[in-house]
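Please open the model in your viewer with the sequence panel beside it, and keep a selection tool at hand. The stops below say what to select next and what is there.

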Amino acid sequence: MNVVACVKQIPDPADPGALDPETKTLKRDVKLILDESDSYGVEMGLQLVDAAGGGEVKLVSMAPNNEMSGLRTALAMGAESAVLVSDEALAGSDSLSTAKVLAAVIARCEPDLILTATESSDGYTGTVPVQIAELMDLPSVTFGKEIEVADGVATVKRQTEAGFDQVECPLPAVVSVTAGVVEPRYPSFKGIMAAKNKPVEELDLAGLGIDPATVGWVGARQEITAIAEAPAREAGEVIVDEGDAHERILAFLDDLKVL
Amino acid sequence: MGISKIWVFGEANEAGASAGTLELLTKARTLADTVEVVMVGDASAVAGDLGAHGATVIHTIADANGALPGARVASAIAGALEAGTGPDVLLATTSYDGRDVAGRLSAKVDRPVLTNVVDLVVDGDRLLCSEPVFGGTTDVMAGFTDDGLAIFLVRPKSFAAEESGGAPAAVSELVVGDLGNTDAAVVKDRFVEETSGPKLDEAAVVVSGGRGLGEAEKYEMIETLAGLVRGAPGASRAVVDAGWVPYSYQVGQTGKVVKPTVYVACGISGATQHLVGMKGSANIIAINKDEEAPIFGIADLGIVGDVHKVLPKLIEALQARG
């Protein structure tokens with residue numbers, strides 16, 4: 001079984017980032033890493049390929065400046081190859097533009113299953129997986145906790161407010177995977193060395209046959225009209241626990257009459 | 001000038017219309033002349049409630065043996081737009097199905113989506129939305145630059161639901177167009193995981209655990225404490241990523257926004273990702289070993305201490321009260 005895992009390379013979340021006051025987009029002058037949210041899809045794909053007894057996981061990504069350090073991390077986990085789309089005309093792309101690009105790449109790969117995170121850690125729109133599915137005329141199951149594949153059908157446990165739904169979906173399909181449902185493997189030394197030589201195909205918009213006017217700034221058809229500092233919340237009292245802090249908490253709750 | 005017609009994607013279960021749906025209707029009726037709902041399944045049970053919150057019409061879409069709603073709803077709305085009877089604006093809640101509907105529709109009719117919206121205002125003949133970025137330290141206003149359907153995904157709890165006293169909404173069936181392969185994901189079975197207390201996003205008290213708990217087993221303290229204060233247990237992203245609790249427990253930017261009377265953060269340092277999901281709480285108590293933890297910057301009562309010492313005593317004291 002062949003799986004495409006969509007991965008995003010993002011600025012390290014430990015570095016909070018900022019908007020460029022000129023262009024009103026995220027400053028992206030920092031080194032990009034693999035979005036941890038995507039490591040679950042990569043791991044899920046590797047496990048499904050193992051269970052199927054054959055096939056491979058291919059990575060699909062879009063990033064500025066042909067950035068691929070995050071891709072190398074996922075290749076070191078065990079993905080076989082990657083396709084990376086970079087193009088200056090993609091600057092300012094929103095979720096729909098991103099989905100158009102990823103869908104065009106995935107269509108060339110003809111996978112059985114497309115795995116994504118439920119949302120990226122830096123943009124968190126959560127719409128890209130279904131946008132890809134709609135553009136490719138495919139079914140989708142979002143918020144997957146568990147995936148089993150048999151006879152060309154994926155059975156997915158889909159997270160709900162109350163528990164989960166058991167959803168059946170014929171392949172090919174797009175499934176988004178929630179965080180924490182599998183334990184992403186740490187790349188081994190051997191994996192890291194092997195990743196350096198794994199193929200990464202680099203494409204631009206012309207190579208994909210996408211009109212630059214349908215993506216990026218122009219394609220986004222939206223604008224930021226104002227940026228303002230949010231009202232700050234004041235810090236209250238901070239005490240050091242001397243063994244009786246629980247009494248302070250109880251008194252606080254009693255005052256609020258919530259008990 | 002102004003917005004002519006808003007459709008709200010309606011969600012409901014056995015208990016009635018979702019809180020998010022009623023919140024969106026309440027806001028929508030202050031923004032547009034006509035407010036209508038589009039939803040899957042039988043609307044007769046919720047027509048009164050939706051009407052009382054401002055909807056005049058409910059466009060219902062036939063449920064096809066448990067097919068997930070995203071593709072069906074998107075197709076039906078696209079059909080209405082083509083026929084010239086569709087809305088100017090579609091509002092959906094940032095829920096499991098709301099995201100599917102907004103994303104599917106966006107791709108189907110080639111319109112962008114604005115997400116993580118927490119407020120909406122009229123600006124001439126368009127809507128502008130407000131969304132928090134960088135952990136809620138910055139508010140961004142944004143809008144679409146051209147005509148055509150405007151799609152907004154709005155975070156729950158952004159508005160307070162209030163009745164307008166409107167009559168029950170009229171129900172009208174909306175036809176689903178050709179779905180190609182998009183409609184093939186079907187719910188075969190639903191499993192309800194029993195929780196005894198209130199729902200996370202409705203509870204008056206939320207007790208959340210973070211990485212400071214040290215190991216998965218210690219999360220039990222959070223559930224015990226939540227039970228004793230008739231609250232709901234929540235979690236930081238780190239704990240969800242580690243697989244200790246399901247995604248539905250997550251409070252934060254990628255997770256739920258909660259605004260309880262009291263939020264108790266246990267062993268949570270307060271990454272910006274988490275703060276945006278709980279800083280709207282009326283009162284915040286934080287327990288953390290690290291006095292430099294950012295959570296103390298927004299806590300009304302901060303306890304610099306070990307959750308493994310403070311929580312057992314707190315639990316014991318509450319149990320003693322009976």
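Select Gly78(A), the residue just after helix α2(A), and you will find that it takes a positive phi of about 140 degrees. This is a predicted model, in which local features need pLDDT of at least 70, side-chain atom pairs count only at pLDDT 80 or more, and totals for chains, interfaces and linings use all residues. Residues are numbered from 1 along each chain as its sequence is written, while chains are lettered from A and ligands numbered from 1 in the order in which they are written.

Stepping back from Gly78(A), select the helix itself, α2(A), residues 69-77, which is mostly covered, with seven of its nine residues buried. Helices (H or I, at least four residues) and strands (E, at least two) are DSSP runs, numbered from the N terminus. A residue is buried if 20 or more other C-beta atoms lie within 10 Å of its own, exposed if 12 or fewer, and partly exposed in between, with C-beta atoms placed from the backbone. The buried residues of α2(A) are Gly70(A), Leu71(A), Thr73(A), Ala74(A), Leu75(A), Ala76(A) and Met77(A).

Now show the whole of chain A, which has eight helices and 13 strands. Its C-alpha atoms fill a box of roughly 65 × 50 × 40 Å, taken along the principal axes, and buried residues make up 47% of its 259 residues. Of the contacts in chain A with a separation of 6 or more, 71% come from residues 24 or more positions apart; two residues are in contact if their C-beta atoms, placed from the backbone, lie within 7 Å.

Next, select Ile132(A), which, leaving aside its neighbours within four places in sequence, is in contact with Ala99(A), Leu102(A), Ala103(A), Ile106(A), Ile114(A) and Val174(A). Together with Phe152(B), Ile132(A) has the most contacts inside the largest nonpolar core, which has 180 residues. Helix α3(A), residues 95-109, gives the most to this core, with eight residues. Domain 1 (3-173) and domain 2 (205-321) of chain B both give residues to this core, so it lies between them. A nonpolar core is a set of buried Ala, Val, Leu, Ile, Met, Phe, Trp, Tyr and Cys residues joined through C-beta atoms within 7 Å.

Colour the two domains of chain B separately, using 3-173 for domain 1 and 205-321 for domain 2; such bounds come from an automatic or database domain assignment. The C-alpha centres of these two domains of chain B lie 32 Å apart, and seven residues of domain 1 are in contact with seven residues of domain 2.

Within chain B, select strand β1(B), residues 3-9, where five of the seven residues are buried. Six bridges join β1(B) to strand β4(B), residues 32-40, in a parallel arrangement, and three bridges join β1(B) to strand β6(B), residues 89-93, also running parallel; two strands pair if DSSP finds at least two bridges between them. Zoom in on Trp7(B), which stands opposite Glu36(B) in β4(B) and opposite Leu90(B) in β6(B).

Move on to helix α4(B), residues 96-109, in which 13 of the 14 residues are buried. From its first C-alpha to its last, α4(B) reaches 21 Å, close to the 20 Å expected at 1.5 Å a residue, the expected span of a helix being 1.5 Å times one less than its number of residues. Asp110(B), which follows α4(B), has a positive phi near 55 degrees.

Finally, display both chains: how many residues of chain A are in contact with chain B? There are 73 of them, in contact with 79 residues of chain B. By class, the side of chain A that touches chain B has 38 nonpolar, 19 polar and 16 charged residues, where Ala, Val, Leu, Ile, Met, Phe, Trp, Tyr, Cys and Pro count as nonpolar, Asp, Glu, Lys and Arg as charged, and the others, Gly among them, as polar.

For the last selection, take strand β13 (residues 237-240) of chain A with strand β18 (residues 301-304) of chain B, which pair in the parallel sense over four bridges. Here Ile239(A) stands opposite Ile303(B), and Val240(A) stands opposite Val304(B). Strand β18(B) also pairs in the parallel sense, over four bridges, with strand β17(B), residues 283-288, where Ile285(B) stands opposite Leu301(B).
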